[in-house]
Amino acid sequence: AMWITGIPAGYSYTVAEEDTAGYVKPAPQTGTIDAKNSNTLTFTNIKEKVKPASEGNYCTLTVTKKITGRFGAAVPTDKYSLTVDFSGLKKNSTYYKGDNTAFTATESGTASVECSLGDGESVVFIVPAGAKYVVTEKAGSYTASYAVTGSSDITRDSGKNTDENKPLSTAEETLSDGENNTVLFTNDIEVKQSLTIRKFTGTGDETNTDTFDFTADKKDRIPDEKFNFQIAFYNLQEGDSFTSDIGRIKAQEPADADDIAAGAAENTYTAKKDFTLKGGESISFSDIPVGVKYIVTEKETPCTVQCVVEGTDVATGREGGATTSKGAVVTPYTAKTHPTAMETVDPRENGIVTFNNRRSSTAALQIIKKGSGSERLEGAVFVVCDESGNPLTYADGNTMILTSESSGYTNIVNGLAAGTYLIKETKVPDGYTAMEPYTLTVADKDFGTLITLTFKDDKLVELPSTGGPGTVLYTALFTIAAAVFLWIVLRQKTGRQA
């Protein structure tokens, strides 16, 4: 390679290669110096055998493939089929591509050459000046466009289709003497996947929340109960839309600060949809572009919830591939919401999100501690006892204790079966009186709920300390009162003697 610098912008140029023994002389290239970009010229030398006898100047036609679009982390490795149809060739003559593979013109001077190109690949044809050509790409799961440029990099023709699965052809072009052509076919590909959300329900003891054995044919579902959900999609582009069992999902609002903090990309859009599911039901979302992110949230429910996210490999182009777990989370029924982590729609993988709900057979308890003036009190300690006043313990032996924080709220005690309990305050905030033991009754209707109790403590009456100014005042008042009382008694006694 060689560089020529210092040429003023706007100057026209012609570059011609001298004859080289054993090689076809490439056509000269002309153009104008660009003020913003460097001008790069490429000359391809083909061995002499590609030039039939008695033919004039030759030109090159380069067909190039480029892939754009959304395909996530998947590197596009597919090949795309194109056909180049020539006319105006010398009949029955043999011509060559840049890799020295041959093609032959028919009796009528035409030739049809098929080629298969991947992203960034090219094929070069060396044909006589004056030959005509049309390049056609076969239909596929993509939209396609093309641009035809000459030696001066000026676009001579362009076209596109906006629908997938349609072939696309250039107009008929002529290779002029001294000019090389390039045809760039660009395919815009959106790899799309599906997402299924399933709901299973059951009953049981939620104390063992790390093991769930729900299956699609489980018998102890609660078929008539509806559970409320919301799905939020992130990283959508403006105008994105795809189908689902609950209607079409469309990009709605630009991602805000909260969305971006949660993991959404800037300058993208979101879409949110509410829906309900009963035990055994599911919904599906189809044709979601890869790279889109989502969070599925089950709203407040009187159940312990296990959420499992999986991906089914569909790299082979069909359902039924290997399924890989992408994470599982268990949240208690005391949680206000039960969300998945933010997940990504990955290429060649269909997502499955399963919510397993276990009906609780116990209740939970939380206390709000206040003073007589409704101020929130920190440091109060309560113990949950049986009817006889004996402290209760968890399975691990720890006592059921609730301690208030600065907000006045205590921690939550779980696992209260149906029955009667005594709630005792064992530590009182400084300056307050202890409350009397409180009797709590838990019934079946309380299962799966958080029972919230508010207790108030009265302030202690503070007596003045010994020797302080208050003591002197009290002593003086007492002395005066005693003197007055003695005077009255003496007056009454004197009156009786008289």
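The following paragraphs lead through a predicted model of one protein chain, from its overall make-up to individual residues.

The protein chain contains two helices and 34 strands. Of its 498 residues, 39% count as buried. Contacts across long stretches of sequence are prominent in the count: among those between residues at least 6 apart, 72% join residues at least 24 apart. The chain exposes about 27,000 Å², and carbon and sulfur atoms supply 50% of that area.

The interior can be followed through its nonpolar cores. The largest nonpolar core has 63 residues, and within it Phe 86, Ile 197, Phe 233 and Phe 285 touch the most other members. Apart from this core lies another, of 18 residues, which includes Ala 363, Ile 367, Met 400 and Phe 455. Ile 197 illustrates the surroundings of one such residue in the largest core. When residues up to four places away in sequence are set aside, Ile 197 touches Ile 231, Phe 275, Leu 277, Glu 281, Ser 282, Ile 283, Phe 285, Val 296, Val 353 and Phe 355. Among these partners is Phe 285, itself one of the four residues that touch the most other core members.

Nonpolar side chains also appear on the surface. Met 2, Ile 4, Ile 7 and Tyr 11 form a nonpolar patch there, and together they have about 480 Å² of accessible area. Ile 4 belongs to the segment before β1, a strand that spans residues 12–15. Ile 4 counts as exposed because its relative accessibility is 61%, and the threshold for that class is over 50%.

Cysteines may be considered next. A disulfide is a covalent bond between the sulfur atoms of two cysteines. A search of the whole structure finds zero disulfides. Cys 59 counts as buried because its relative accessibility is 0%. Cys 115 also counts as buried, at 11% relative accessibility.

Charged side chains provide another set of links. Side chains of opposite charge can pair when their charged atoms come close. The structure holds 15 salt bridges. In one of them, the side chains of Asp 240 and Arg 70 meet with an N to O distance of 2.7 Å. Asp 240 lies in the loop between β16 (226–236) and β17 (241–244), whereas Arg 70 lies in strand β3 (residues 58–70), so this pair ties together parts that are 170 residues apart in sequence. Asp 240 counts as buried at 11% relative accessibility, and Arg 70 is buried with a relative accessible area of 11%.

A second example joins Glu 121 to Lys 79, where the side chains meet at 2.7 Å, N to O. Glu 121 sits in the loop between β7 (111–117) and β8 (122–128), and Lys 79 in the loop between β3 and β4 (80–87); the pair therefore ties together parts that are 42 residues apart in sequence. Glu 121 is partly exposed, with a relative accessible area of 30%, and Lys 79 is partly exposed, with a value of 46%.

In a third salt bridge, the closest N and O atoms of Lys 336 and Glu 300 are 3.6 Å apart. This pair links distant parts of the chain, 36 residues apart: Lys 336 is in the loop between β24 (323–331) and β25 (337–339), and Glu 300 is in the loop between β22 (293–299) and β23 (303–313). Both Lys 336 and Glu 300 are exposed. Elsewhere, salt bridges that share partners join Arg 70, Glu 190, Lys 192 and Asp 240 into one network.

Some details of the backbone complete the picture. Pro 254 lies in strand β19, which covers residues 253–254, and counts as partly exposed at 48% relative accessibility. The C-alpha atoms of Pro 254 and Tyr 269 are separated by 4.2 Å, although the two residues are 15 residues apart along the chain. Leaving aside neighbours within four places in sequence, Pro 254 is in contact with Asp 259, Thr 268 and Tyr 269.

Most residues other than glycine have a negative phi. Asn 92, which is not a glycine, has a positive phi of about 65 degrees. Asn 92 is found in the loop between β4 and β5 (94–97) and counts as partly exposed at 44% relative accessibility. Asp 287, likewise not a glycine, has a positive phi of about 60 degrees. Asp 287 is found in strand β21 (residues 282–289) and is partly exposed, with a relative accessible area of 41%.

Note on methods: Residues are numbered from 1 along each chain as its sequence is written. This is a predicted model: local features need pLDDT of at least 70, side-chain atom pairs count only at pLDDT 80 or more; totals for chains, interfaces and linings use all residues. Side-chain values use heavy atoms; hydrogens and water are left out. Patches are made of residues with over 30% relative accessible area and no salt bridge: like charges are joined within 9 Å, nonpolar side chains (Val, Leu, Ile, Met, Phe, Trp, Tyr) within 5 Å. Accessible areas come from the Shrake-Rupley method with a 1.4 Å probe; for residues, only the protein chains shown count as cover. A salt bridge is a side-chain nitrogen of Lys or Arg within 4 Å of a carboxyl oxygen of Asp or Glu. Helices (H or I, at least four residues) and strands (E, at least two) are DSSP runs, numbered from the N terminus. Buried means under 20% relative accessible area, exposed over 50%, partly exposed in between (1.4 Å probe, protein chains only). A nonpolar core is a set of buried Ala, Val, Leu, Ile, Met, Phe, Trp, Tyr and Cys residues joined through side-chain atoms within 4.5 Å. Contact means heavy atoms within 4.5 Å. A disulfide is a pair of cysteine sulfur atoms within 2.5 Å.
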